[in-house]
Amino acid sequence: MALIVFGILNIISGDNSLLNLFNLRINDYPILQLRLSRTMVALFTGGLISLSGLFLQLIFRNNLVDPGLVGLTSGTSFFKNLLAIFLPAFLGSKVVYGLVGALILVVILIWLKNKEISPTRFVLFGVCLTILFISLNQVLSYFTHVQINLFSGFNLISPSVTYLMIILGVVIVTELILFEKYIPYYSFNDQKIIELGIDVKKTNLSILLIISLAISAIVGIVGEFFFIGIVIPNIIKVINGTNVKHYFIDTFMLGANLMLISDFIGRNLFYPVEIPAGLICSLICAPVLFYIVLRGSHGSKEY
């Protein structure tokens, strides 16, 4: 219900004007189309990042893992921008080029998991990767004279990329739903999961490949987002506790709602100046992340 409310609010309000959905005029339709486009993209962006964070935390047994914190988002962005210099552009080209970077980062993350390093070292390694690729992106920006924003928004979303995002979003969510049944098993270690007859390596690899597509779609169509992939899954874990039955849908819905709220605030807070939804989202999530780090997930100080 909240998703519907925030979705409608995001569509009818903004740009210092209101649309009456029951009495639309001819000149209202272009505005409605643009607002509907950015609302749909924001919905899938928030939901997919949150789901990606949830599955990454489960796979790596670390509640501080997030696509933006382990280098997955920034690495995808770097390869998207790098390959776009040398290869031709087409609809979805940035998604394809970003997928190359996402797959490379997934290989690195799998390698780290096999080394069985501590959760703290894993996060620190991820932060180093993130800083490395953000720095490389800035080097690209310097040489190509193209501004690369750290925080992304939905003001440049067009109907054509909206269709692409909806198609990819539906496909990715459908694929992840197939692995929802494995969520309860991640409370056990890998050896126990294998004893239960589940090929954990194959399952993890399949999920990571789907997450790669999700992150490349988000970065390729919109841009980079931070913290939401950590905060949303941890909030859901606190609310639901050991009842993992609704982890999947609750994570998607809360992430989508947060992104819609962030986009709404960013458009209207200092109109006509628009603040990127990614910046608003980070400002909302940062205090929550402080609390998570200080208190630990579920009140524990250890990860």
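Five salt bridges are counted in this structure, 5 in total, and the model from which they are derived is a predicted one. Three of the pairs are set out below.

| Pair | Closest N to O distance |
|---|---|
| Glu274 and Arg38 | 2.7 Å |
| Arg61 and Asp190 | 2.9 Å |
| Asp190 and Lys113 | 3.5 Å |

The side chains of Glu274 and Arg38 meet in a salt bridge, and this pair joins distant parts of the chain, since Glu274 lies in the loop between H10 and H11 while Arg38 belongs to helix H2, 236 residues apart. The two partners differ in their surroundings: Glu274 has a relative accessibility of 29% and counts as partly exposed, whereas Arg38, at 8%, counts as buried because the value falls under the 20% limit for that class. Both residues also belong to a network of salt bridges in which Arg38, Asp263, Arg267 and Glu274 are linked.

Asp190 takes part in two of the tabulated pairs, one with Arg61 and one with Lys113. Arg61 is placed in the loop between H2 and helix H3 (72-86) and Asp190 in helix H7 (residues 190-195), so their salt bridge ties together parts that are 129 residues apart in sequence. The bridge to Lys113 likewise links distant parts of the chain, from helix H7 to helix H4 (residues 93-115), 77 residues apart. Arg61 is partly exposed at 28% relative accessible area, as are Asp190 at 23% and Lys113, also at 23%.

Turning to the nonpolar interior, the largest nonpolar core comprises 76 residues, and those with the most contacts inside it are Phe55, Leu72 and Phe154. Helix H2 (residues 29-60) supplies the largest share of this core, 13 residues. Leaving aside residues up to four places away in sequence, Phe154 touches Arg38, Val41, Ala42, Thr45, Val222, Phe225, Met259, Asp263 and Ala277; among these neighbours, Arg38 and Asp263 are members of the salt-bridge network.

Helices H10 (residues 247-268) and H11 (residues 277-295) have axes that come within 8 Å and cross at roughly 115°, and the crossing of H10 past H11 is right-handed. On the H10 side the contact is made by Leu258, Met259, Ser262, Asp263, Ile265 and Gly266, and on the H11 side by Ala277, Ile280, Cys281, Ile284 and Cys285. Classified by residue type, this contact has 8 nonpolar, 2 polar and 1 charged residues. Met259, Asp263 and Ala277, which take part in it, are also touched by Phe154.

Conventions: Residues numbered from 1 in each chain as written. Predicted model: local features only at pLDDT ≥ 70, side-chain atom pairs only at ≥ 80, totals over all residues. Heavy atoms only, no water. Core = buried A, V, L, I, M, F, W, Y, C linked by side-chain atoms within 4.5 Å. Buried < 20%, exposed > 50% of the residue type's maximum accessible area, 1.4 Å probe, protein only. Helix = DSSP H or I, 4+ residues; strand = E, 2+ residues; numbered from the N terminus. Contact = heavy atoms within 4.5 Å. Axes fitted to C-alpha atoms, helices over the stretch in contact; angles between N-to-C directions. Left-handed = near helix turned anticlockwise from the far one by under 90°. Nonpolar A, V, L, I, M, F, W, Y, C, P; charged D, E, K, R; others polar. Salt bridge = Lys/Arg side-chain N within 4 Å of Asp/Glu carboxyl O.
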